Amino acid sequence: MFLDLNSDVGESFGVYKYGSSDVINFVSSVNIACGMHAGDPMVMLRTVEMAKENNVAIGAHPGYPDLIGFGRRDFHMSKDELYAYTLYQIGSLYSFLRSKNLDMQHVKPHGSLYNKIAKDKDEAYAFLSAVRDFSKDLFVFLPPGSKSEEVALEIGLKVVREGFLDRAYNSDGSLVSRSIPGSVLKDEDFIVKRAVKMILNKSLETFDNKLINVDFQTFCVHSDTPGAQNFVKRLLKEFSDNNISIKSVRDWA
């Protein structure tokens, strides 16, 4: 059995250091911030070079233009603005990839944008139309059962169903809001055991103690979590013990 393991990286900018790039050594795909919610040109270049050195698949990680709020606050944009800002961010990362003779594997929306288009079909269409118009061959990492997944499939994009290891879920399969205590899981023993159960049993216990069916194809590891590198090492050991391999989406065929 295999699946993809991804991480949001390249989130520092200017003199501000955020997250750890060391996690790149242990995942199969990375989502590189494109300068709107995090990242800057120098960080993007270094992160692309690190991904290349480690033969890790690369995706664009567009977010709302909200450096102060790290793209995790509610943000209003018109549909035309969302389309243009998405295309702009994908294109900016692509310039670095092209200079290194690398391909872009996927696009994954960030933070508040990720959650907004999961529920709002019109905004999902604006965002995903930009992805499709850049390249219909790109994968998109999205939450299963969401409006964004529905729209992506409608317009012919290839969806990779994403789960979060350190986040609690509602019974409808959506993420519990970060504003609610207990929404971000911190017990590593619990997280690792839950991950293996989600993969092998294809089920998940929700925030309100219900059991729902899940079928995730990629899991996100947050590089901004303290000790992320050691956690991923431990997670991969547990995966190996249960015959679960990590492989980027581009290598699934």
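Two residues are in contact when heavy atoms of one lie within 4.5 Å of heavy atoms of the other. With that in hand, a good place to start in this predicted model is E149, which sits in helix 5, residues 147-154. Setting aside neighbours within four places in sequence, E149 is in contact with L142, P143, P144, V159 and R161. E149 is also a bit of a loner when it comes to charge: this residue is buried yet has no salt bridge. The nearest side chain of opposite charge belongs to R161, and it is 5.0 Å away. A salt bridge needs a side-chain nitrogen of Lys or Arg within 4 Å of a carboxyl oxygen of Asp or Glu, so the 5.0 Å between E149 and R161 doesn't make the cut.

Other charged residues do find partners. Side chains of opposite charge can pair when their charged atoms come close. The structure holds 16 salt bridges. One of them joins K121 to E150, with the closest N and O atoms 2.8 Å apart. This pair ties together distant parts of the chain, as K121 belongs to helix 4 and E150 to helix 5, with their positions 29 residues apart in sequence. K121 counts as partly exposed because its relative accessible area is 33%, and E150, at 32%, is partly exposed too. The pair doesn't stand by itself, either: K121, K147, E150 and E154 are linked in a network of salt bridges.

Two further salt bridges are worth a look. R132 and D133 meet through their side chains, at 3.1 Å from N to O. Here R132 is partly exposed, with a relative accessible area of 27%, and D133 is partly exposed at 42%. In the other bridge, the side chains of K237 and D241 come together at 2.8 Å, N to O. Both residues are in helix 7 (residues 228-241), and because they are four residues apart there, about one helical turn separates them. An α-helix has 3.6 residues a turn, so residues three or four places apart point the same way. D241 has a relative accessibility of 46%, so this residue counts as partly exposed.

Next comes helix 3, where I117 is found. I117 is buried, because its relative accessible area is 0%. Not counting residues up to four places away in sequence, I117 touches P109, E123, A124, F127, L142, K147 and S148. Y85, for its part, is 32 residues from I117 in sequence and 15 Å from I117 in space, C-alpha to C-alpha. I117 has company among the buried residues of helix 3, which are S112, L113, Y114, I117 and A118. These buried residues pack against helix 2, helix 4 (121-134), strand 5 (139-142), helix 5 and strand 6.

Helix 3 turns up again at the largest pocket, which has a volume of about 800 Å³. Of the 34 residues lining this pocket, G111, Y114, N115, K116 and L175 are the closest to its centre. Helix 3 (111-119) and strand 6 (158-164) each supply at least two residues of the lining. The largest share comes from helix 3, with seven residues. Sorted by class, the lining of the largest pocket has eleven nonpolar, 13 polar and ten charged residues.

The second largest pocket has a volume of about 270 Å³. Its lining is made of 16 residues, and F190, R194, K197, L204 and E205 lie nearest the centre. Helix 6 (188-201) and strand 7 (203-205) each supply at least two lining residues here. Helix 6 gives the most, with six residues. By class, the lining of the second largest pocket has eight nonpolar, four polar and four charged residues.

Finally, two asparagines have a backbone angle to point out. N55 has a phi near 55°, a positive value in a residue other than glycine. N55 is placed in the loop between helix 1 (41-53) and strand 3 (57-61). With a relative accessibility of 61%, N55 counts as exposed. N101 isn't a glycine, yet it has a positive phi of about 55°. N101 is in the loop between helix 2 (79-99) and strand 4 (106-107), and at 72% relative accessibility N101 counts as exposed.

Definitions and conventions. Residues numbered from 1 in each chain as written. Predicted model: local features only at pLDDT ≥ 70, side-chain atom pairs only at ≥ 80, totals over all residues. Heavy atoms only, no water. 1 Å grid on protein atoms, 1.4 Å probe; cavity = no way out; pocket = protein on both sides within 12 Å on 5 of 7 lines; lining within 4 Å. Points joined across faces, edges and corners; volume = space filled by probe spheres on them. Nonpolar A, V, L, I, M, F, W, Y, C, P; charged D, E, K, R; others polar. Buried < 20%, exposed > 50% of the residue type's maximum accessible area, 1.4 Å probe, protein only. Lys, Arg positive; Asp, Glu negative; His and termini not counted.
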